[in-house]
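Dear colleague,

Please find below the structure that I am handing over to you. A summary of what was found in it follows directly after.

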Amino acid sequence: MDHRIAVIKGDGVGPEVVDAALGVLDAVAKKYGHKFKSQQLLAGGAAIDEEGAPLPKKTLKEAKKTDAVLLGAVGGPKWDSQPGEKRPEQAILGLREELALFANLRPVSVREALVDASPLKAEIVSGADLLIVRELTGGIYFGSHGTEVIGEANAFGRFVDFLKKEKTLPPGRFAYDVEQYSEVEIRRIGELAFEMAMKRNKRVTSVDKANVLDSSRLWRQVMEEVRVKYPEVRLNHMYVDNMAQQLILDPKQFDVIVTSNLFGDILSDEASQITGSIGMLPSASLGDGTFGLYEPIHGSAPDIAGRDLANPIATILSAALMLRYSFGMLEEAIAVEQAVDGFLLAGNRTPDIYVEGMTKVGTAEAGRLIAERIGSAA
Ligand code: IPM
Ligand code: MG
């Protein structure tokens with residue numbers, strides 16, 4: 001059976017890290033006799049330049065015909081002055097929404113060879129292995145947004161309309177973004193988190209700001225309702241501010257962390273430092289079926305783009321997640337993860353995780369060495 005992959009290289013370091021991951025997928029195909037049919041599609045800044053829109057209709061239409069999407073990164077200073085709805089980031093948000101990928105899995109597992117690369121003490125990070133389950137198509141990212149000038153005709157009226165209550169605002173520019181969650185959205189991400197916990201260490205920490213936000217209080221209630229179906233799983237709740245400190249104080253206390261779109265975005269960048277570098281963290285975005293979008297959690301890193309400096313491991317591990325979740329190829333996924341570990345244990349390091357005495361390698365070389373290990377694995 002052919003597996004169809006939509007490949008969106010994107011901007012900045014995107015093309016370099018995706019090329020490295022494609023090399024690894026080639027090695028997997030050869031070794032295990034699979035056929036991956038990849039099709040390149042445009043999105044992000046590259047699509048703005050070529051087609052005038054961050055997410056061209058054709059990209060969406062073609063992506064929907066595939067089994068999975070592999071994405072590099074989008075964005076860069078070149079497009080920073082674009083209006084909000086035309087920014088490259090809209091490509092990612094549009095793909096997530098249009099493909100109904102409501103669950104974002106971000107595994108944070110410390111590779112033993114990198115214990116010393118983390119800015120945190122080795123005894124704190126060694127053995128840490130957690131999974132952040134981030135809600136991906138709701139919350140403040142997809143609530144009402146607006147920028148108004150109070151004092152101009154109707155602007156105030158529109159805002160009051162939307163808030164359904166009076167609020168006195170001083171004249172001048174005014175912007176808002178609404179955090180909002182329905183119980184349906186909370187329940188489906190909650191259930192997915194509990195399902196994941198059943199396959200792991202049966203612990204879920206739900207992160208919210210229920211001491212302040214209504215949407216968080218509903219979040220907490222629904223998580224309590226979901227727990228009833230999973231009596232074996234231990235659930236605790238944690239405020240997001242406390243989580244920000246607990247993550248670096250004692251990351252080993254966590255198994256599955258489930259949280260909203262914005263909190264998950266912030267906490268996963270923080271958590272990446274447990275592993276040593278943001279260049280290490282992969283992600284899988286899933287919906288109801290096996291279709292998924294796979295991307296590193298890092299951005300396009302324009303400062304190092306095109307210089308063979310980026311760490312491709314986050315993208316390579318994202319490809320491994322694709323094998324696992326979209327293609328049901330568990331053995332192959334593990335082979336990729338082991339090849340990454342072997343590469344690191346042999347002392348190879350991209351600049352972001354380099355420590356003295358190791359061998360410095362570039363993006364392409366890293367991809368090649370990891371692919372080679374798959375080919376030669378017993
Ligand atoms: C991420 C990124 C995106 C997000 C941006 C690029 C829109 O930061 O995937 O974490 O905020 O979700
Ligand atoms: Mg982010």
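A polar side-chain atom of Arg96 lies 2.7 Å from an oxygen atom of ligand 1, a polar contact being a pair of N or O atoms within 3.5 Å (within protein, one must be able to donate a hydrogen and the other to accept it, and residues adjacent in sequence count only if both atoms are side-chain atoms). For Tyr141, a polar side-chain atom is 2.5 Å from an oxygen atom of ligand 1, and for Asp265 an N or O atom of the side chain is 2.9 Å from an oxygen atom of the ligand. The residues around ligand 1, with a heavy atom within 4 Å of it, are Glu89, Arg96, Arg106, Arg134, Tyr141 and Asp265.

Please note that this is a predicted model, in which local features need pLDDT of at least 70 and side-chain atom pairs count only at pLDDT 80 or more, while totals for chains, interfaces and linings use all residues. Residues are numbered from 1 along each chain as its sequence is written, chains are lettered from A and ligands numbered from 1 in the order in which they are written, and side-chain values use heavy atoms, without hydrogens and water.

I turn now to the helices, which are DSSP runs (H or I, at least four residues) numbered from the N terminus. Helix H11 (residues 313–325) and helix H12 (residues 330–345) pack at about 160 degrees with their axes 7 Å apart; axes are lines fitted to C-alpha atoms over the stretch in contact, and angles run from 0 to 180 degrees between N-to-C directions. H11 and H12 are therefore roughly antiparallel, a term for angles over 145 degrees. Among the residues in contact (heavy atoms within 4.5 Å) are Ile316 and Leu323 of H11 and Val336 and Phe343 of H12. The residues of this contact comprise twelve nonpolar, no polar and three charged; Ala, Val, Leu, Ile, Met, Phe, Trp, Tyr, Cys and Pro count as nonpolar, Asp, Glu, Lys and Arg as charged, and the others, Gly among them, as polar.

H12 also packs against helix H13 (residues 363–376), their axes coming within 8 Å and crossing at roughly 120 degrees. That makes H12 oblique to H13, oblique covering angles from 35 to 65 and from 115 to 145 degrees. Val336, Val340 and Phe343 are among the H12 residues that meet H13, where Leu369 and Ile370 are included in the contact. By class, this contact has nine nonpolar, one polar and one charged residues.

With kind regards

Notes:
Helix = DSSP H or I, 4+ residues; strand = E, 2+ residues; numbered from the N terminus.
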